[in-house]
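Reader: I am new to this structure and should like to learn how its features are read. May we begin with the way two helices pack together?

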Amino acid sequence: MTVRVRFAPSPTGYLHVGGGRTALYNRLFSQGRGAFILRSDDTDQARSTREFADDILESMRWLGLTWDEGIEVGGPHGSYRQSERIERYGEVADQLVAAGHAYHSFATAEQLDEFRKAAQAAGRSPAYDGRFRLDDDEIARRLAAGETAPIRFAVNRPGETSFDDIVRGEVSFDHAQVDDFVILRSDRSPTYHLASTVDDVDFGITHVIRGEDLLSSTPKHLLLTKAMGAEPAVYAHLPLLLGPDGTKLSKRHGHTAVNAYRSAGFLPEALLNYLAILSWSPGEDEELVSLSEMAERFRLEDVSRSPAVFDVTKLEWMNGVYIRELGAAEFVARSLEFVEDDLGRDLDEDEMKAFAGMAPLVQERAKTLAEVGPQLRFLFAASVSYDPTSWEKVMMQPEAMTAVSAACTRLAELPAWDAESIETTLRSMLDEHGMSARKGLQPIRVAVCGSAISPPLFESLELLGRERSLQRLADVAQQLG
């Protein structure tokens, strides 16, 4: 069997990390088995924007999730944007009406509201059961008179729809819980249920891998598929992503868009790896696995049905591991944009050499690429700006003035300006004044780097250079004095 799967985001928002996981699982499942299709469910023209549509494509590419068919790639099925297939959805709706599977509904909003209130009061399902459906002659008369009405699918009752979900197992829906749902609005625009199902049938989708939040839509899609005379796809509904507090992942938990993690300095391979293991394990207690290795091991049957917690702290740890595995030149290349953005200008040739010299020291400690810029700002800025918290905590201590003044004097006498000589001199200074490394070196770090958190001090002094290092020490000594 040739597998055909699809990822069908709506361009009504930026690509969500949950959508990124769905796209990844579709890609992994189809790898080596068939085609991964990208389409745009953009029938909601009021909320769909070009910005969101572009973001979805850019975020997919940044993650390394290529697709075989669909938007911008093309394929045998014409347009892969629903907004360009409106006539097709109307055509199918009309065919369903002609076949007796659907009908024009003239039920008023007041009638529907009264029905739901009565059902709830009686403890019955509020799913609309079609009781206000008019006979065919009355429907024809009103349509001929120029009236418009939405088209609803006629759900057979009593009855049930069951299917075997790869992740959740056997799932059944009593038709008493499934309303006669609208498939085409009175303005001839399709609902999600119709457009999604028609696309899946037309594009030959064999497996629908999507979020659990769409599980309740599945009986409607299966009923539509059957009414169209098509073979239903196999479904797999992925568990929800939760925040650390156990509620559905949302903006109150922090970033939810893939592009936000890109801007925050996360590597795409790290984010992809983390998304993969949220609901699936590569086995053997492994967590770090490449995209190619994932494709070899991935099975939908192994996806957990339990909700997964999106833990940014763990993602930062994983990202740090991936950063440390980069080659030195690649680390510089990937973090350069963050350094220059933080500085507000491009680095010149000499500064690039200094960056390359300092990069390995920062790389060992960075959890994100966005941390690199602030840590190296002291190296490229004309003057240092002091972190208020570091200044208050370190420079207000009684040893600070002694440490900075003594360091300025001792370092000025150094014949050679290198990290080894600087370290020897400063440790000798600590012994002379009876200071611990924390009490004596932290004031020097803040004076030179502007923060108590910085790359290794001795190497920082070497790369900053004698003149600028001594000037910063002298300026701070003057301020403290």
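Author: Two packed helices are described by the angle between their axes and the distance between the axes. In this predicted model, the axes of α13 and helix α19 (residues 457–464) approach to within 10 Å and cross at roughly 175°.

Reader: How are α13 and α19 oriented to each other?

Author: An angle over 145 degrees counts as roughly antiparallel. The two helices α13 and α19 are therefore roughly antiparallel to each other.

Reader: Which residues make the contact?

Author: On the side of α13 they are Ala354, Gly357, Met358 and Leu361, and on the side of α19 they are Glu459, Ser460 and Leu463. By character, the residues of this contact divide into four nonpolar, two polar and one charged.

Reader: How does one examine a single helix, and why does the span of helix α11 agree with its number of residues?

Author: The expected span is 1.5 Å times one less than the number of residues. Helix α11 (residues 312–324) has 13 residues, so it should span 18 Å, and its end C-alpha atoms are indeed 18 Å apart. At the start of α11, the backbone nitrogen of Thr313 has a side-chain oxygen of Asp311 within 3.0 Å.

Reader: Which residues of α11 are buried, and what do the buried residues of α11 pack against?

Author: The buried residues are Leu315, Met318, Asn319, Gly320, Val321, Tyr322 and Ile323. They pack against α8 (258–263), α9 (268–276), α12 (328–343) and α13 (349–363). Helix α13 is also the partner of α19 in the crossing at roughly 175°.

Reader: Let us turn to a loop. Is Ser125 buried or exposed?

Author: A residue under 20% relative accessible area counts as buried. Ser125 has 18% relative accessibility and therefore counts as buried. Its place is in the loop between α4 (109–122) and α5 (136–144).

Reader: What does the side chain of Ser125 reach at 2.7 Å?

Author: It reaches the backbone oxygen of Ala176. In addition, a polar atom of the side chain of Ser125 lies 3.1 Å from the backbone nitrogen of Ala127. When residues up to four places away in sequence are not counted, Ser125 touches Phe115, Ala119, Ala176 and Gln177.

Reader: How is a residue in a strand read, and what is the relative accessible area of Ala102?

Author: One again considers place, burial and contacts. Ala102 is found in strand β4 (residues 102–104), and it is buried, with a relative accessible area of 3%. Apart from neighbours within four places in sequence, Ala102 is in contact with Leu96, Val97, Ile151, Arg152, Phe153, Ala154 and Ile183. Ala102 and Leu224 are 122 residues apart in sequence, while their C-alpha atoms are 9.7 Å apart in space.

Reader: What should be noted about the backbone, for instance the peptide bond from Arg157 to Pro158?

Author: That bond is cis, with omega near -5°. Pro158 is found in the loop between β5 (151–153) and β6 (160–165).

Reader: What are the phi values of Glu72 and Arg188?

Author: Phi of Glu72 is near 65°, and phi of Arg188 is near 75°. Each is a positive value in a residue other than glycine. Glu72 lies in the loop between β3 (69–70) and α3 (86–98), and at 52% relative accessibility Glu72 counts as exposed. Arg188 lies in the loop between β8 (182–184) and α6 (192–202), and at 38% relative accessibility Arg188 counts as partly exposed.

Notes:
Residues numbered from 1 in each chain as written. Predicted model: local features only at pLDDT ≥ 70, side-chain atom pairs only at ≥ 80, totals over all residues. Heavy atoms only, no water. Helix = DSSP H or I, 4+ residues; strand = E, 2+ residues; numbered from the N terminus. Buried < 20%, exposed > 50% of the residue type's maximum accessible area, 1.4 Å probe, protein only. Contact = heavy atoms within 4.5 Å. Polar contact = N/O pair within 3.5 Å; in protein donor to acceptor, adjacent residues only side chain to side chain. Axes fitted to C-alpha atoms, helices over the stretch in contact; angles between N-to-C directions. Parallel < 35°, antiparallel > 145°, perpendicular 65-115°, else oblique. Nonpolar A, V, L, I, M, F, W, Y, C, P; charged D, E, K, R; others polar.
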